[in-house]
Amino acid sequence: MERIARPAGMAFLRRWREKPIIKVISGLRRCGKSTLLALFKDELLAQGVKTSAVQFLNFEDLAYESLKSDYHKLYEHLTSRLQPDVMNYIFLDEIQNVASFEKVVDSLYLRPNIDLYLTGSNAYFLSGELATLLSGRYVEYQLLPLSFAEYCTSAKAQGKTPAQNYRDYISTSALPFSLTLTEPDLLTDYLRGTYSTIVLKDIVARLGISDISMLESVTAFLMDAIGNLITPRKIADTMTSMRRKIDPRTVEKYLRALTDSLLLYRAQRYDLRGKQLLANNAKYYVSDLGFRRLLSSGRRPDYGHVLENVVYLELLRRGYSVRVGQLPDGEIDFVAMRNDEMVYYQVSLSVLDEHTLARELAPLQKRRDNYPKILLTLDEALPDSNYDGILQRNVLDWLLDA
């Protein structure tokens, strides 16, 4: 299988190499966490690290089944193979499959000459006891499916224009293995299997959900409504109108589980005047558009919100916290914040029509501060334009800047 370079992930691992802190890679199932660690391991070996000083355990491999239920055995397995007087690199892949794994991690952290790396396929494996034990002692990198720039480096993308690659990117999947599946039926089967694993292992089993059909109905609704403001009450009312009664509190439970599984991401509204997050209403975006296509039942894609989804995920990859900017009489698609930096983004398929251009610029024009303001569109063959400080850019060029 082709290994696609993940520059940002590799930069994170190199930056924290051998520093006395636990490195955690979290991300959706099948997004490439194991491959990222394998690429880093290969780099270590190429730089002269001895094979005996590297331990790589993938806990989805049956070879380590006996270690998953007894953390004492796992600890003994790892410590008995440590090499003296050198740095030992330990990679524990899909660690959430190990019972009481936090005790092993905590003990390994206390030993000298151990450089420890973990991966996990959901947000809550870092919650509860692990977070309490390791507070302040780990750094996390959240790996997403392939960015557009990463996709364009693959063999599948070679020889095509950025516009052709973008059409493929949004109509197939950005999960790395999906790029090897050239037949639509194979891709559909792969996405269905991955989706089912996420739902059954990361949501249903963990929360003890009995009405799987209702969970999937709520999930399908959210997939169809990406980029729209949503409340639990709205979802409950929609389900009730379809004669599928559900309490808003149960919807809230499902929403939390779907975001914890990293299948969906929640973008909260941010009051730009009051400078505070708003509790009511939020937008949801899917981690991989292939899942949306899988659950859409042939509905025509909403290309405007699909583009929003792509931009939202890219901003996350670039290390921003992303909010929906709320104005008294309007909305800015994204307010991207990172440390002391803030950037406003408006996203539109096209602004060649002057009325559309005026509509998209209006919310940005209302912000009379000095933070950058960017309008991203798919309009081609136009130079970057500047409207009184608002920069218009071709979104594919912006995506490839990463």
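This report describes the pockets, the largest cavity and one sheet of a predicted model.

Residues are numbered from 1 along each chain as its sequence is written, and side-chain values use heavy atoms, with hydrogens and water left out. Local features need pLDDT of at least 70 and side-chain atom pairs count only at pLDDT 80 or more, while totals for chains, interfaces and linings use all residues.

**Pockets and cavities**

The search runs on a 1 Å grid over the protein atoms alone: a cavity is a set of points where a 1.4 Å probe fits but cannot get out, a pocket is an open set with protein on both sides within 12 Å along at least five of seven lines, and lining residues have an atom within 4 Å of a point. Grid points are joined across faces, edges and corners, and a volume is the space filled by probe spheres set on the points. Ala, Val, Leu, Ile, Met, Phe, Trp, Tyr, Cys and Pro count as nonpolar, Asp, Glu, Lys and Arg as charged, and the others, Gly among them, as polar.

| Site | Nonpolar lining residues | Polar lining residues | Charged lining residues |
|---|---|---|---|
| Largest pocket | 17 residues | 7 residues | 7 residues |
| Second largest pocket | 11 residues | 2 residues | 8 residues |
| Largest cavity | 7 residues | 2 residues | 2 residues |

The largest pocket has a volume of about 710 Å³. Its lining holds 31 residues, and Q142, L144, L316, R317 and R318 lie nearest its centre. Helix α14 supplies the largest share of this lining, 4 residues. Helices (H or I, at least four residues) and strands (E, at least two) are DSSP runs, numbered from the N terminus.

The second largest pocket has a volume of about 420 Å³. Of its 21 lining residues, I170, S171, P301, Y303 and V306 are the closest to its centre. Here α8 gives the most, with 5 residues.

There are 2 cavities of 30 Å³ or more. The largest cavity has a volume of about 90 Å³, and its lining includes Y169, D288, N309 and R317. Helix α14 again provides the largest share, 4 residues.

**The sheet**

Five strands form an open, parallel sheet in the order β2-β3-β4-β1-β5, where strands pair if DSSP finds at least two bridges between them. The edge strands, β2 (54–58) and β5, each pair on one side only. Strands β1 (residues 22–27) and β4 (residues 114–120) pair over 4 bridges, and K23 stands opposite Y117 in β4.
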